[in-house]
Structure formats: C-alpha cells, structure tokens
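Let's take a walk through this one together, starting inside and working outwards. Have the viewer open and follow along.

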Amino acid sequence: MKLRFEGRTWAGSAIDFRGAETTVSPETVFEAIRDGEDERVTCPEPRPIHGHVGLVVPDIEFDRTDALSAAARSRGSHAPVDDELRAVRERLEALSPASINLRSARRRVADASGAESELRERVASLQGRVRALRDTGGDPTTAEAELATATGELAEAETERIAAEQALATAREQARESRENRRERLRLQDRERNLRREARAHLAEQLRSEFDAALDRFSDEDSTAQALAVLHVADVRAPVVVACETRFESVESAADWLDAPVVRV
C-alpha cells in the first residue's frame, strides 16, 4: 500500500504513524482507504469485512456473527441458502407496487355523471319547449337550435362518463394488483430477513473454532481482541487501521499475524 498525507508518502505492508509528527486521524485514513477515488491511498479494494472491523479502536463495537460471516465470505465460503436468498432479492427488486389514485378516478366519474344528468334534463326540457311551440304555432327555430346544441353536448358527456367509468375500473384492478404486490413484498422481505440470518449463522459457525483459537492468543478477550481475531481468520487485502493497543510487539508483527496490511495510527 502507499499512503500520502500532509505532503509525505508512506509505503509498505506495515506503516506506523506514531512518532511521525502527523495530525492525520485514524478515521481519516480509514475513510480514505474505503473511498476508491481518494488519491491519497493506493491499495486493494476493501471487502465487506472492512465495514465491520477495518478500523480497530478501543472498545470497538461490532456484531461478531456478522463480522465472522463477512470473514467467511472473504474466504470464498457460501451458505446453503445463498441461491434462494439471491432469488428472493431478485423477486423483491422486480416488485414495485404502484401507487394508484382511486379518488381522482371516482371524482372523474362523479363529475362526468353529474354533467350528463344536467344535460339530459336540459335536452328533455328543450324537447318539451320545441313540442309546445310547434303545437301552439309558434316559431321553434331558436329552441330547435338550442336542442341540437344540447343534444351534441349530451353525446359528448355520455362519452366522457363511459371513459371515466372504464378508467375507474382499470384503476380498481390496478389497485387490487398493487395490494397483492404489497402483501407479496412483505412476505418476501420477511423471508429475506430469515434467510440472511440463517446464512450469517451458518457462515459464522464455519469459522467459530478458528476464531476461538485466534482469540486464545490474547489474555483479555475484549472487543479489541475479538476484532483482531476476526481479522486473523478473514482474507483481508486492504489495509487495516489500528488505533489502539494491539498487544503486538510492532506494527510489522501485527501485519504478519493478521496476514494483512496494517496502518498503526
């Protein structure tokens, strides 16, 4: 690895910032390692295990099962449920329940039906007026023109009402499908959580005995020792940042035991 901070450059598999008169924090180095575009660091790409124990600080908090599972993955291990887990995740990605606005579809039907009813009443009224004028010898020309206009508007209103009813029927069907998709999504999310938990437990158990043996190296089995033991059983390629008492004679001995690049800050 190669690190460039504050105008200086460090290279090698074991770098010790202590005594180097640098103000670079462990978090800065760790984030730079995890940022593939940070030009201050040249190193292999971090794996998911780095997210658990890539930065070892005093009283580090991490989920041991999750970390051991990631360690097993770093060594190429698989869980029996991986195929089903992958299929469930693909199905979840494909499910996207749509948001259907039934209220607007219902309002359109109500508006169209109301307009149709008003026009139907107007047409009936004009028809009566035309008949009365004809029966009494009056001039029905103006009334007939109004009737023709109203009849045309009624035909348009009927068309709009039918279209609105069809749109509402379509929206109701889409809403039903959306409800089914949401129920299916909840079922798959629950299944995905269970499978993920089962996979983590299986993978962590694969390394349990190795982890326990690695932990025996330390007199104190605190979270720092556990983090280092997890790193020992993992296949770590990107640099590990250690910002606490490591219980190693030197940063070189830490890198040797962890079989990983180490930055001591």
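What follows goes from the nonpolar core to a spot on helix α2 and then to a charged patch on the surface. Keep in mind that this is a predicted model.

Start with the core. The largest nonpolar core has 45 residues, and if you want to find its best-connected members, look for L228, V230 and L231, which have the most contacts inside it. Plenty of elements chip in: α2 (49-53), α3 (64-74), α4 (82-94), α6 (141-206), α7 (208-215), α8 (223-233), β6 (240-242) and α9 (251-258) each supply at least two residues. Which of them gives the most? That's α8, with seven residues.

Now back to α2, one of the elements that supply this core. Helix α2 is also where you'll find H52. Is H52 buried or exposed? Neither, quite: its relative accessible area is 26%, so it counts as partly exposed, since buried would mean under 20% and exposed over 50%. While you're there, look across to D63. It sits eleven residues from H52 along the chain, and the two C-alpha atoms are 7.7 Å apart.

Last stop, the surface. R103, R106, R107 and R172 together form a positive patch. Helix α5 (residues 102-135) brings the largest share of that patch, three residues. Pick out R106, which lies in α5. With a relative accessible area of 43%, R106 is partly exposed. That value also clears the bar for joining a patch, because patch residues need over 30% relative accessible area.

Methods
Residues numbered from 1 in each chain as written. Predicted model: local features only at pLDDT ≥ 70, side-chain atom pairs only at ≥ 80, totals over all residues. Heavy atoms only, no water. Patch = residues over 30% accessible without salt bridge, like charges linked within 9 Å, V, L, I, M, F, W, Y side chains within 5 Å. Areas by Shrake-Rupley, 256 points an atom, 1.4 Å probe, with all protein chains shown as cover. Salt bridge = Lys/Arg side-chain N within 4 Å of Asp/Glu carboxyl O. Lys, Arg positive; Asp, Glu negative; His and termini not counted. Charge placed at Lys NZ, Arg CZ, Asp CG, Glu CD. Helix = DSSP H or I, 4+ residues; strand = E, 2+ residues; numbered from the N terminus. Buried < 20%, exposed > 50% of the residue type's maximum accessible area, 1.4 Å probe, protein only. Core = buried A, V, L, I, M, F, W, Y, C linked by side-chain atoms within 4.5 Å.
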